[in-house]
Structure formats: C-alpha cells, structure tokens
Amino acid sequence: MRQDPLIPMLAVVTDIRQDTPDVKTFRVVGLDGKKPLIHIPGQCAMLSIPGVGEALFSITSSPTNEEYLEFSIKKCGCVTDWLHAMEPGQQVTLRGPYGNGFPVDTDFAGKDLVFVAGGIGLAPLRSVINYVRHFRDRYGSVDIVYGSRSKADLVDYQEILDEWCKEDGISVHLTIDNPQPDWDGHVGFVPNYVKELGFDTGKTVIMCGPPIMIKFTLAGLMEQGFPRDNIYTTLELRMKCALGRCGRCNIGDKFVCKDGPVFRLDQLDQLPDEY
Amino acid sequence: MQVNQEFKPTIVAFCCNWCSYAGADLSGTNRLQYPANVKIIRIPCSCRLNPMFILRAFQRGADGVILCGCHPGDCHYTTGNYYARRRMTLLFSMLDFLGIERERTRVEWVSAAEGAKFAATMNEFVETVTKLGENKRLEDLRCKS
Amino acid sequence: MQELIKAKAVELLENGVCDRVLGWKAGEFFYDVTPAVFRSREEIEKDFVFGPFCGANMSKYLIAESRKEGKIAAFLKPCDTYSFQQLQKEHRIRRENVYAVGVQCEGMCDIDAMKAAGIKGILGADGDGGTLTVHTLYGDKSVERKTVLAERCKCCKSKKLLGCDEIIGGQGEELESNRFAQVEKLEAMTPDERFAFWRGELSRCIRCNACRNVCPACSCEKCVFDNPASGVENKAAANSFEENLFHVIRAFHVAGRCTDCGECSRVCPQHIPLHLLNRKFIKDINELYGDYQAGADMDTRPPLVNFQTDDPEPSVVHERGSEQ
Amino acid sequence: MKKCPVSQLDALFASVAARQKLYIPAGEAKTAAFQPWQEGMKLTDALNTVRSAKDLFFPQVENLVNFKVTGKQIEIIENRDPSEPFVVFGVRACDCRSFDILDKVFLCDPVDTYYKTRRENGVIMTLACTEPEETCFCTAFGIDPTDPAGDVSCWMDGENLYLRANTEKGETLLSELPMLSDGDAPAADKTVFDRLPLKNLPLDKFGGEHMMELFKYEKWAGLAESCLGCGACTFVCPTCQCYDIREFNTGDEIKRFRCWDSCMYSDFTLMSAGQPRPTQLERFRQRFMHKLVYYPSTHDGEFGCVGCGRCLQKCPISMNIVKVAKTLGEETT
C-alpha cells in the first residue's frame, strides 16, 4: 500500500464532552490507543466521517499532552451536526497536521502574551495557552481575555476556572455579552474589554474569534498603538485538500491551509482582503 | 442481451398512498401472488413522483420502474394524476429517445379496490422486465460492485 | 444595421429613456464579442458592435439587470424576444425596468463551423450577401455565408419580434422550419442506434455547466444540481449514468418553457447537440397536447402545468414505438 | 534524430501500442480528444484537442479510497485506479509546458502520489506546430511551438515524421521502434508565428509584486459582468488544477473520489460560516489573478498560463485571459 497524503488514517473518539449548548470537545486517539499525530499549537487536522464529509478543525489540545488529541467543535454544518450526534467509541478518519501553527518557540519566546478570544475562537488558542503553561518559564506575563455570548457559551469554562485562573502569572479576564443573574464577572463585548484593560503595547497579541470581534478589537489595538507585526490571528476558509492544491483557501498568493492558518497582521496587510 | 434464466429483476413500484398502495395491500390480504422483487415506495400522490426518483431508482439497481396512481378523475387531490400523466408521458418518451428500453418504465392506474389488478400488473411487468434482462443502459457501475 | 443600433443606443441614453444599455462589445477578433453593459456615449462609440457573431441570448442577463436600480435598454434578436416574453411570464424579469428594442436578424454565424470547413487562423471576414471573404493567417478564403450559419439559425423557427417597445429592421414573421428533422431522424433509428448515438455525444460532457448557466429557462436561484441536500449534486460525471441524469433532468426541467433558442448547443465546448433533447420535448408536446411555443404569448398555460382529461396515456410512448 | 515516413505512421503507432497504451489526438476537428489508439485511427485535423493532455495525468474523476462503515467501525480500502505505462503522442508545446506548471503543484512536498504515478508511467511525445490558429499565444510565455519539449519531440512534414528523444524514457521508447532510420528535420519555417495577432500580449505588468495593485483594480467589474459562472474555461485549461474531494455512497461502501472543480462555481468557497468570494466578480478575479499573479508570485515569476488559446475558443461569452491581460496591462502603466 502506497500512502498518499489524501488517504487518511483511522482514529477513534474516546470521549465527548459537552462544553456549551453548541460546542462539544472530542478526544481522539489512534487505533493503538496512542496519540495519532504530533503537532504544533495552532495546527489543524482533517477529520472525516465517511459518507458525511471531511472538514478541517484546529487541534485544541496542547502538544505537551502526550496521550490524545482534542478538538472543540461547534455545531454549524453537515459534518459538525453528525459529530455532535455521535457517541464515544465511534471511529473517524484523520489526516494532518496541517498549517504553520503559532511561532511558540521562536517569536513568542520570552514575550509577554495577550490572548484574545471570542466564542469558539478559544479552540485554537487553548492549545497555545496550555503549551505556554507547560513551559511557563519560557514566556513573560500571560493575559487571557475571553468573551462569549453568555456564561453557558464559554468553552472550557471548567478548565479555565480550575486550572488557568489558579495558576500564578496568568491573568484571566472573562466577559459575557449581556448581564445574567449567576454572573458576577465583567459584562460587555471583547473589543471594549480589551481597551479597558489597557495592555502594554509591547505585548504580543494572539487573537481568534468571529470576524466582527477581530475587526473591532483590531481597531482598538491600533488606537492604543500596538505594532501590527506583533499581532497574530488565525483564519479559516473552506478547504478540501489542506495541501495547497484544491485551490479554494487562498488569500492572494498565500494558502490558509499551508501558509496559514496563523498570520501576523502585517502579513495580512500584504494580502487582498478576501477572507 | 443475454437473458439469464436465473435473472430476477428488481422492480420499484411508486404507489399513490390513496389508491394503489391500498390496492397492493388488498392484493396482499386477498393472498394474491406477485413477485417479492417488487419494492413498493409509497408516495402521497402520483404527482409527487419527481422524474429524478425514477432515474435514481435505475441508478441504485432497479431494472424496471412502475408508477401506480389513482384512475384519471379519481385523484384525492382532484388533478394530481393528470399532471403526472403528462410528465410521465414526456419522460418515458425522452428515455426512449435516449435509446433506453421503453418497456422498463410504465404507468398503471390502480384503485384501492383493484387488488387483483395490482397483482396482475406486477406479474406482467416483472415478466416483461425479466425478458429485457438486466438494466445496463441506466446503470451506475459504482453501485454494482 | 450596426450603425442604426449604435445611434439608437446613444439616443436612448441621452434622452434619459434608460441609464444603461445591454449590447455586445467588440473583442480581439471580429467574432469574439461579449455581452456587455454600456453606460456612456463614449463606450458605445468605442466598443459597441452588432454583427453576425452576436449570438448570445441577452434575455438571461435581463433577469439580474432588471432587478437593479434604473432602467436598462436591451437589444433583442427575435429568438431573444421569445425568451424575454417567457421570462416575463414566469415573473423573472421586471418589465418596467427594461426598454426592449427588437433588432431583426439574418442568422448568426458560427466560428466553429468555419473552422470545421477547414479554415484556420481566422483574422477577419467581410463581404455582404451570400459570400464571405475570410482573411486568415494563411491568405484569404471565401465561404458561403449559409454554410457557416449556426445550426440553430439554419432552421430558424421565427423572425418575429415579440413584445418590444421599439423595433429596428422590421417586425418579421414566423417561418416554416424543418427544425424537427434531426429529431425525426433519431426517432426513426432503432433504440440501440439511438443509445449509441447519445452515448457518443453525452460521454464528451465535461460538466462545465455552460449549457445550464447560459439557458434563459434555467433561472432557478439554486439549481438542484448545486444543492448538496438533493443527493444529485455533483461536480463531474463520475459515471455515464450521471451524464444521462444531468441532461435528461435539465431538459425536463425546462420542458414546456424552453423557447428553443439553441444557446445550450452554441456554448457547449464539446459540441454536444443538447438542443435535440429540448426539441424532442417540444415535438412531443406539440404532437400530444397541441402546438405550443414557449414565449410566443403572455397568457396560455404552459403544457406541463396544464392538462386535458382526455390526454393520451403514457403507454402512447410504447405504442408509438411499436408502429415503427 | 530519427525519422519515419508518414506513410508508415500507422505501423509506428501499432508498434508503440503493442507495448503500452497509446493515446493520439483524434476525432473531428470540433471534438478532437486524446483517444486510445486503435487500428485505422487517424490524427485529427484540429491543431489542438478540446480537453488538454492534463486529463491523462490528472483525470476529471479518480478514485482515492473506499470506506466501509459498519456500526462504529470504519474500514479503509485502497482502491486507486490502476495506472499502467502509456504513451501520449501529439502533445503540443503549450500543453507540454503545462506539465511543468502542474508538476510544481502536485510534486512538491507532500507529493501527490496519484499524479506522480501517472507522470512516471507516461511518456510524452510532443508534436511541433506548423499551422497555428489565430488564438495561439504560447510565444508570449517564451514557448517555442516549433521546438516542443517532452520525452520525445516530433516534427512532421508532408513526407516524414522526425523524432528526437529528450529523456531516458524517450530514448527507450525510440529504441524499441524498428521502422525508424536516422535523419534530420528540415529547419522550421517560423514566419507564420511572427504574424500571430496575440504574440505581443503585454505581461510585464503582472507577477507577484503587483498583487495588491491589480487586485484592487476597478476594471474587474466590467470584465466579470457578463461571466456566466460556468466552468468551461477551467475544464479545458491545461493548467487549471483545482479539485474537489467528494464521496459517493453506493449503499454498500463509500467511495471517496477526487474530481475537477472550478473556482468559477458559486459553491467553490461556500462555507457554513460565509462566503469569502460572494459574487462572480471575486470568483472571476480569483481565476485570472491566480494565473497571472499568484502563481508567478510563488513560482519564480512563471505564469500559470501556456497560451494554448482554448479559453479563447470555448468561453460562451468570449471573455478570456487575453482580454483580461490587455485590459489590466494597458491601464496599470
């Protein structure tokens, strides 16, 4: 059998956790029970259910987790509907990892990091955050700003409370869009909250979330004087091959699947705004 | 085309809920024999039969497709079968035009009371299609392996 | 003719009758004209053309154009006007946003017919009347105009201009045509021969969807063949079945609405005679349910949303065949 | 260089076909295609086939892999279409160049083994052009149509077919053909190529360095306005390589296959989250930017077009890369 990058391997979903009403986190291991692939934070993998479809998801677990991969997936289409309906023990196919990932060991090293996430946008960042926590001494201060529509929509809320919030040197800033009775934290949209928090402009910003959040957060950061070459974000477009060949995920001459999904803002400035 | 003695055609019968589906039921309760290789698909009215359904039945391995509906004038929805009649006439003519055996498709009007007619129609249709042999001209090879 | 049309286009724009004009734009050669919207006298004077290669049916563009703000003037050939009326009948065109100018047509030429006649490297052509002088990379050649007419124009059904606000070049009338001749020829073949014929033709299909996208009758917002939920969505014919399915169903979906404008065959990069499928439906409709010409009027019920209690039974297809 | 009398062409084809499958451009001029050679088959009169030679290496549909799903279990069954050695004769210089372009896409890491296997199995015999069409503009991309590349280059005049092996594969093929004798082709007459109307296509305004400027150019709207959004140009193009991966459920198993796709289609980039190229303008622009800007930007300035002229002949509304290049080229100066 000659392997081709388009032929996937088999994997099995061992555990499914309901994070929010429309987000579930899937734990995936190879058929041998081990972690099926090695990745860098921010990279993605193609998951598929034969007969339903194939789609690209970012890997939410940290590379430092040596037992399994995790994917946090929001229910929003054909493949994700099916994933949400399935039970543990289900086999899926997997190929990857794809993309460039975050420069965790190069550009980020020694820097003060600010993570800004909205909704399911936490998924790709969770991998980086846990990586950074694991190698805590390699990085400066860590701030995490995370917002969602409501308390119930905060992905990984338990992990955030139990682990991130309790760790020294990590400040977690949670916010929800509208006030609700059992919430005593911050209320308001992420862009405004980031502005209020007034981070030092020397910090490296890593952002992921809905386009509208990115747009306004960016405007705020620009106002405060953050340099564009110190802001990172991750993009998503429709993909079929994830190898830079099927031709649909390019933005200008860059392919999101191969040259991305992580882009620095000054890199995006060089590209047409077709995303 | 070689006629295989052992060949048992797959027949898909689209039956209107209000008449021929009941007719099929009646032929069953009356212990009338018709071949087991007739697969009945119930539709709300003969007019519901999208031409695509017929083609896709052939794709998925049918050797003959028959539509059974209420007699003209007796449609539960007054006029549905009149429209179906025109559509099927044109579709069958087109299939014939493409060189696909015209005997593989048929329309028959069967009322809820005509259990005997249903069984007789099916027997006769199965016989016709058996003579024609396997559907080769509208097959999808991917479904045959 | 071209000068008349250009002058009319400028006049309509400058009198404020419309704010843009749908016409044909000159290309690199004399034959590769592109449908285009003109917005100024300068644009019209520079690029507007009307000639023997303006075959594109303009009515399809009016679906989108008539929904835009303002009024558009469109120059429509006789067959375009049939589609124009049919689309109005289906409420696809906002008539009030269109100023329709009918232009008479002498039949459009087909560059591929010239090439098929062995003329290579065509740079230009001139001459009026019956003979064209074709300038090529390899010297001048002369060719009879009627031999290089588009297939559909060789058996033109009508030169009548319908439902226009204004007419250039005469109202025109319906013609006696033998457009069903080839359908009849196929009908006279045995099923095996017909099957072989259509396999030979349809197996060339590359599923580029040009026939569908150009067809004025294919005006669905979302085609069933593009709908992932339909179960028949496909990008390429992976099997001969899918070739048949696509073309039969497409022809069926436009049956009773197809005006026989012949655009499907004109645009087919593989020269599949797709119009024969549509003509077969038209011929059957005429024979079984009485003569009907889609787009010819604004009020008769299309044959597939109509019926007579004494319509022939579908078995007519079987019986008719056995007589042969 | 070898030669073979034209009268012996059939014997030559028969000899090649006796060893492996042979494809030649055949059929009526309007519908010419590369077809498996059979006794009595003649070369087409057409300069070029409707579909390019890329089909033989990157077919419109090909099986990738099958799956069998039982309960929660999935079984992966390799079912790639077998590939056997073959020879394709009569590839023009333009189509031959398209393989350089496709190779850079499919053979870079990670290698596409489906394409690679066919490339390894295929021997390309090119045929020099003597009578170009008015739509030809390969010379604008530095291609010499009278001296095509490929494993074996061929020239044909009224009397003889001349053959020159350029690669080891080509040498092997020629060494197996008994009817060849030594002989040199007469010098090609290139004058007709100087008369080609599109030979001076302005291309110096394109390439990666002008990306943003060209992307924002407002003339795109006018160019794209009558585009029908069909895929004719992409499917006849020798260098278009976008594909889709789809599945077909036979009821018994699931066949995952790859098929050509077109950036001109409205659902090409459609996602549940939205559509980055919402109108035909963006899709149209993507296609031509890819050929003239994005591809050169990532491949040392080489354009993603070979000037075969197919899109000029096949576009239903006669909008094509030449018109785009001329419109954009003249205005950005």
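A residue is called buried here if 20 or more other C-beta atoms lie within 10 Å of its own, and exposed if 12 or fewer do. With that definition in hand, the reader may turn to the structure, which is a predicted model.

In helix 1 of chain A, spanning residues 78-85, the buried residues are A:Val79, A:Thr80 and A:Leu83. Viewed down the axis of this helix, they fall within an arc of 95°, so they line one face of helix 1 of chain A. A general property of helices bears on this arrangement: an α-helix has 3.6 residues a turn, so residues three or four places apart point the same way. On the other side of helix 1 of chain A, A:Asp81 and A:Ala85 are exposed. The cover over the buried residues of this helix includes strand 2 (23-30), strand 3 (44-49), strand 4 (53-58) and strand 5 (69-74) of chain A.

The relations between chains come next. Four pairs of chains touch, and chains C and D share the most contacts among them. Chains A and B, by contrast, do not touch, and their nearest C-alpha atoms are 15 Å apart. Nor does any contact join chain A and chain C, whose closest C-alpha atoms lie 10 Å apart.

Chains B and C meet through a pair of helices. The axes of helix 2 of chain B (residues 51-59) and helix 10 of chain C (residues 240-254) come within 10 Å and cross at roughly 170°. Because angles over 145 degrees count as roughly antiparallel, helix 2 of chain B is roughly antiparallel to helix 10 of chain C. Helix 2 of chain B contributes B:Pro51, B:Met52, B:Leu55 and B:Gln59 to the contact, while helix 10 of chain C contributes C:Phe241, C:Leu245, C:Val248, C:Ile249 and C:Phe252. Of these contact residues, eight are nonpolar, one is polar and none is charged.

Definitions and conventions: Residues are numbered from 1 along each chain as its sequence is written. Chains are lettered from A and ligands numbered from 1 in the order in which they are written. This is a predicted model: local features need pLDDT of at least 70, side-chain atom pairs count only at pLDDT 80 or more; totals for chains, interfaces and linings use all residues. Axes are lines fitted to C-alpha atoms, for helices over the stretch in contact, and angles run from 0 to 180 degrees between N-to-C directions. Helices (H or I, at least four residues) and strands (E, at least two) are DSSP runs, numbered from the N terminus. Angles under 35 degrees count as roughly parallel, over 145 as roughly antiparallel, 65 to 115 as roughly perpendicular and the rest as oblique. Two residues are in contact if their C-beta atoms, placed from the backbone, lie within 7 Å. Ala, Val, Leu, Ile, Met, Phe, Trp, Tyr, Cys and Pro count as nonpolar, Asp, Glu, Lys and Arg as charged, and the others, Gly among them, as polar. The arc is that of the directions from the helix axis to the C-beta atoms.
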